[in-house]
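Visitor: I should like a close look at one part of this model, with the surroundings that set it in context. Please state the criteria behind each term as you go.

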Amino acid sequence: MNALMFPDELKLGDKGQAVQVLQLVLLAMGCNREIIHDGECGNQTGLGLHDLQVRLGVSPTCVFDDATNSALFNLHGINLKSLPIFKLEEGFERDLPMSPP
């Protein structure tokens, strides 16, 4: 596995493990319980991100950006952009459970 940097932005249509990390944070913080932890930034993840941004007092753009990350860190001590993201071997992800049954 190779460590990658957390992307500068996450927005609708983005996919991958960084989105999964964001989805876990949104779910843990109670931002839109309809989010499916699937690694795809779809409408439900966008709504959860909007909710988070409103709670944090940042402009609700539905894009996880530096302003959102800074507010998340300042208010809750969570810095997603400091987390390593690992690129898994092709096909490895299909063997991992994405959501609880």
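With which residue does Arg55 form a salt bridge, and how far apart are the closest N and O atoms?

Guide: Arg55 forms its salt bridge with Asp51, and 3.1 Å separates the closest N and O atoms. The term denotes a side-chain nitrogen of Lys or Arg within 4 Å of a carboxyl oxygen of Asp or Glu. This is a predicted model, in which local features need pLDDT of at least 70 and side-chain atom pairs count only at pLDDT 80 or more, while totals for chains, interfaces and linings use all residues. Residues are numbered from 1 along each chain as its sequence is written, and side-chain values use heavy atoms, with hydrogens and water left out.

Both partners, Arg55 and Asp51, belong to helix 2 (residues 43-56), where four residues, about one turn of the helix, separate them. Helices (H or I, at least four residues) and strands (E, at least two) are DSSP runs, numbered from the N terminus. An α-helix has 3.6 residues a turn, so residues three or four places apart point the same way. Side chains of opposite charge can pair when their charged atoms come close. Arg55 is partly exposed at 44% relative accessibility, and Asp51 is also partly exposed, with a relative accessible area of 25%. On this scale, buried means under 20% relative accessible area, exposed over 50%, and partly exposed in between (1.4 Å probe, protein chains only).

The Arg55 pair is one of three salt bridges in the structure. Another joins Lys11 to Asp14, with the closest N and O atoms 3.6 Å apart; Lys11 is partly exposed, at a relative accessible area of 39%. A further salt bridge brings together the side chains of Asp66 and Lys81, at 2.5 Å from N to O. This pair links distant parts of the chain, 15 residues apart: Asp66 lies in helix 3 (residues 66-76), and Lys81 in the loop between helix 3 and strand 2 (85-87). Lys81 is buried, with a relative accessible area of 18%, whereas Asp66 is exposed, as is Asn74, on the other side of helix 3 from its buried residues.

Those buried residues of helix 3 are Thr68, Asn69, Ala71 and Leu72. Seen down the axis of helix 3, they fall within an arc of 165°, so they line one face of the helix; the arc is that of the directions from the helix axis to the C-beta atoms. The buried residues of helix 3 pack against helix 1 and helix 2. Thr68 of helix 3 has a relative accessible area of 1% and is therefore buried. Beyond its neighbours within four places in sequence, Thr68 is in contact (heavy atoms within 4.5 Å) with Leu49, Leu52, Gln53, Leu56, Val58 and Val63. Just after helix 3, Gly77 takes a positive phi of about 75°.

Helix 1 (residues 17-28), against which helix 3 packs, has twelve residues and reaches 16 Å from its first C-alpha to its last, close to the 16 Å expected at 1.5 Å a residue. That expected span is 1.5 Å times one less than the number of residues. Helix 1 is mostly covered, with nine of its twelve residues buried: Gln17, Ala18, Val19, Gln20, Leu22, Gln23, Val25, Leu26 and Leu27. Gly30, just after helix 1, takes a positive phi of about 75°. Gly16, in the loop between strand 1 (2-4) and helix 1, is partly exposed, with a relative accessible area of 25%. Gly16 and Cys41 lie 25 residues apart in sequence and 8.7 Å apart in space, C-alpha to C-alpha.

Cys41 also enters the account of the cysteines. The structure has zero disulfides, a disulfide being a pair of cysteine sulfur atoms within 2.5 Å. The sulfur of Cys62 has its closest cysteine sulfur in Cys41, at 8.6 Å, which is too far for a bond. Cys62 is partly exposed, with a relative accessible area of 24%, whereas Cys31 is buried at 0%.

For the wider setting, the protein chain has three helices and two strands, which follow the pattern β-α-α-α-β along the sequence. Of the 101 residues in the protein chain, 38% are buried. Among its contacts with a separation of 6 or more, 46% involve residues 24 or more positions apart.
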